[in-house]
Amino acid sequence: MKSPIPDYLRQVLEKARPDDSGQLANYIDVLAKADPSKMAIALSTVDGNLYSAGDDEVEFSIQSISKAFVYAIAIEDAGLPRVLEKIGVEPSGDAFNKLSLQPGTNRPMNPMINAGAIAAHTLVAGESASAEERVDHILKVLSKLAGRQLKVDEEVYEAELKDANRNMAIGYMLKAAGIISCDPQDAVRGYIRQGSITTNVRDLAMMAATLANAGVNPITGEEIMPHQSARQVLSVMTTCGMYDAAGDWVSRVGMPAKSGVAGGIIGALPGQVGIAVFSPKLDERGNSFRGVKMFEQLSSEMGLHMMDISQVGRATVRTWTLTIAGGAKQPDEREQEVPVFGLRGAVRFAGSERLTRAIVRELTPPNPDDPGSGRHADASAVIFSLKDTYSLNYVALRIISEDMRRLLAADKNVVVIDPVKVLKIDGNPAFKEKSPCVVNDEAEARRYIGGQGCRAVSHSDEFY
């Protein structure tokens, strides 16, 4: 059985595709030549499972998404107090490239607008570092975040440098205000170069998931940034990451996010997932038009809004093997091993994803790189225990129902222990052709599989 999550991501992608609104970033000639038909989406859990759909290997420049991560690097290199001396944390309500500083302090309003991002760039690797040293350090850290070696797109860099007059003006303004001490032109060149680093949505989803995982890369397990730095970055992304659309974004999507004019957007929901989307056409605020649509759908359907408190608690996935023998359906006393997948608590996307992962690991052929996988690839029956499940939200119900549908389509005997009926059967499109057997307890499940007179021989537990 394959996970239904990539299929769902493809549906999100295709739902957004027909809307061709927006414009390419035509003020940068390389971006003006981008293929507007390209679209991609990726999602990484905080424990390292990565799903993607669409043009997920197409590379594009990271642009302003780099601001979030360079801010984290600046905090690590200069310390938060020094960074706060130079850069504020208040939403500006203005365009990202406005020439403005806070009255009284002369600080840029926040690190997500160009003025703040240029200031943050100069704090990387020490304030006496050269432009080359700063960019090299940034590239090294971003590569660790992505889990692979990234590079600078020289064509994008040269194209942006040709029309960098406004950013150069911001650089000189920062120098005159005493915010930066290095050569303004070096600062701006380095800032443009950091935004010319190329990534794809899989890279960005992993980078976002690292933020969501308190600064620890979900796959390598390496702490890329202290959790306090990740918290600071996520806080500023929440209020400032989408520029003058930040308020609308928080109310409609509800997760820390950052966009870039090449068409990428990242979102990081602490403790749960990192998400990245890509579509080159931009809305009037400089955010990917289709990308915003995809995030809105994900937030709505997957219950990912950070203020969504309709269900509380966390879900735990427990698996065990039930061995039964005897019974009317197996009178020869043959023993039958049946995998059981149990869910406890209020189940949302994260819990249903863990369950799906457990099902795939147990019921598909063994993977040589994953000892213990494929233990029940030949099982004829599967039990789901929902007796300790408080609730299933919309996306959890959808994913779990699709898991069961795929098992039924593979001719597995699917039994659900569901005494309080949290799994909706009637009207569920997943069960239009075939439905699982729903029972009240494990004894009924055993009898359904083995027949009257069967008995439990043993069971063993594992938690995911």
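Q: Leaving aside neighbours within four places in sequence, which residues is L142 in contact with?
A: A contact list is read by asking which distant parts of the chain it brings together. In this predicted model, L142 is in contact with I62, F69, I73, L150, I197 and M207, once neighbours within four places in sequence are set aside.

Q: Which residues touch the most other members of the largest nonpolar core?
A: A core can be read through its members and their links. The largest nonpolar core has 75 residues, and L142 and L211 touch the most other members. Helix 3 gives the most to this core, with eight residues. A second core, separate from that one, has 30 residues, including L13, I265, V277 and L304.

Q: How many residues of helix 3 are buried?
A: For a helix, look at burial, then at span, then at what follows the end. Helix 3 is mostly covered, with 10 of its 13 residues buried. The buried ones are S66, K67, A68, F69, V70, Y71, A72, I73, A74 and I75. Two of these, F69 and I73, are also among the contacts of L142.

Q: What span does helix 3 reach from its first C-alpha to its last?
A: The span is compared with an expected value. Helix 3 covers residues 66-78 and reaches 18 Å, close to the 18 Å expected at 1.5 Å a residue. Just after the helix, G79 takes a positive phi of about 90°.

Q: Is T198 buried or exposed?
A: Burial is decided by a cut-off on relative accessible area: under 20% is buried. T198 has 7% relative accessibility, so T198 counts as buried. This residue lies in strand 4, residues 198-199.

Q: Which side chain makes a polar contact with the side chain of T198?
A: Polar contacts are read as atom pairs, alongside the wider contact list. The side chain of T198 makes a polar contact with that of E59, at 3.5 Å. Not counting residues up to four places away in sequence, T198 touches E59, F60, S61, L150, K151 and D153. L150 is also in contact with L142.

Q: Where is the place of G254?
A: A loop residue is placed by the elements on either side. G254 is in the loop between helix 12 (246-252) and strand 5 (257-259). G254 is buried, with a relative accessible area of 0%.

Q: Which residues does G254 touch, not counting those up to four places away in sequence?
A: G254 touches W249, L269, L304, H305 and M306. One of these, L304, is included in the second core. Separation can also be read as a distance: G254 and F295 are 41 residues apart in sequence and 9.5 Å apart in space, C-alpha to C-alpha.

Notes. Residues are numbered from 1 along each chain as its sequence is written. This is a predicted model: local features need pLDDT of at least 70, side-chain atom pairs count only at pLDDT 80 or more; totals for chains, interfaces and linings use all residues. Side-chain values use heavy atoms; hydrogens and water are left out. Helices (H or I, at least four residues) and strands (E, at least two) are DSSP runs, numbered from the N terminus. Buried means under 20% relative accessible area, exposed over 50%, partly exposed in between (1.4 Å probe, protein chains only). Contact means heavy atoms within 4.5 Å. The expected span of a helix is 1.5 Å times one less than its number of residues. A nonpolar core is a set of buried Ala, Val, Leu, Ile, Met, Phe, Trp, Tyr and Cys residues joined through side-chain atoms within 4.5 Å. A polar contact is a pair of N or O atoms within 3.5 Å; within protein, one must be able to donate a hydrogen and the other to accept it, and residues adjacent in sequence count only if both atoms are side-chain atoms.
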